[in-house]
Amino acid sequence: MLKDSILKILEENKGTPVSGLVIGKRLGVSRSAVWKGVNQLKEDGFSISSLPNKGYLLDESGGAVRPEAVGS
């Protein structure tokens with residue numbers, strides 16, 4: 001899913017804002033699609049900041065716990 005790919009990019013760049021344009025180019029989608037994916041992640045409980053003229057930033061706490069990150 002798109003939002004999983006966006007989350008992966010934000011996690012790879014934790015602590016550094018990533019622009020919607022860069023994410024979109026990397027995934028082959030529009031900035032609008034990136035914006036929608038980021039909003040879905042926020043609805044899922046992830047703490048993502050939108051920084052004007054800089055991009056999206058996954059907050060240091062990370063927010064929600066990903067199921068694959070939980071050991072069984």
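Contact here means heavy atoms within 4.5 Å, and that is the sense in which elements are said to pack against each other below. The model in every view is predicted.

**View 1. The whole chain: three helices and two strands.** Start here to get your bearings. Along the sequence, the protein chain runs α-α-α-β-β. It has 72 residues, and 31% of them are buried. Among the contacts with a separation of 6 or more, 48% join residues that sit 24 or more positions apart. The exposed surface of the protein chain comes to about 4,600 Å², with carbon and sulfur atoms supplying 51% of that.

**View 2. The inward side of helix α1.** Which residues of α1 are buried? They are K3, I6, L7, I9 and L10. These residues span an arc of only 160° around the axis, so they end up on the same side of α1. In general, an α-helix has 3.6 residues a turn, so residues three or four places apart point the same way. The buried residues of α1 pack against α2, α3, β1 and β2.

**View 3. K3, a buried lysine in α1.** Is K3 buried or exposed? The cut-off for buried is under 20% relative accessible area, and K3 has a relative accessibility of 16%, so it counts as buried. K3 belongs to helix α1. Leaving out residues up to four places away in sequence, K3 touches G37, Q40, L41 and D44. V34 is worth finding in this view too: 31 residues separate it from K3 along the chain, yet the two C-alpha atoms are 8.0 Å apart.

**View 4. A33, reaching across from α3 to α1.** A33 has its place in helix α3. Once neighbours within four places in sequence are set aside, A33 is in contact with L2 and I6. For a sense of scale, A33 and K3 are 30 residues apart in sequence, and their C-alpha atoms are 9.4 Å apart in space.

**View 5. The buried face of helix α2.** Helix α2 covers residues 20-27, and its buried residues are G20, I23 and G24. Looking down the axis of α2, you'd find these within an arc of 100°, so they line one face of the helix. The buried residues of α2 pack against α1, α3 and β2. Just past the end of α2 comes G28, with a positive phi of about 75°.

**View 6. I23 and its neighbours.** What does I23 touch, not counting residues up to four places away in sequence? The answer is I6, I9, L10, V18, V34 and Y56. I23 is one of the buried residues of α2, and I6, I9 and L10 are among the buried residues of α1.

**View 7. The largest nonpolar core.** This core holds 13 residues, and the members that touch the most other members are I6, L10, I23, I48 and Y56. Elements giving two or more residues to the core are α1 (2-12), α3 (31-43) and β2 (55-58). The largest share, four residues, comes from α1. As a general rule, nonpolar side chains in soluble globular proteins tend to be buried together.

**View 8. The β1-β2 hairpin.** Strand β1, residues 48-51, pairs with β2 in the antiparallel sense over four bridges. Within the hairpin, S50 stands opposite Y56 in β2. Y56 may look familiar: it is also in the list of residues that I23 touches. The two strands have three residues between them.

**View 9. N53 in the hairpin turn.** N53 lies in the loop between β1 and β2. What phi does N53 take? A positive one, about 65°, although N53 is not a glycine. Exposed means over 50% relative accessible area; N53 has a relative accessibility of 85%, so it counts as exposed. Set it beside K3, which counts as buried at 16%.

Note on methods
Residues numbered from 1 in each chain as written. Predicted model: local features only at pLDDT ≥ 70, side-chain atom pairs only at ≥ 80, totals over all residues. Heavy atoms only, no water. Core = buried A, V, L, I, M, F, W, Y, C linked by side-chain atoms within 4.5 Å. Buried < 20%, exposed > 50% of the residue type's maximum accessible area, 1.4 Å probe, protein only. Arc of directions from axis to C-beta. Areas by Shrake-Rupley, 256 points an atom, 1.4 Å probe, with all protein chains shown as cover. Pairing = 2+ DSSP bridges.
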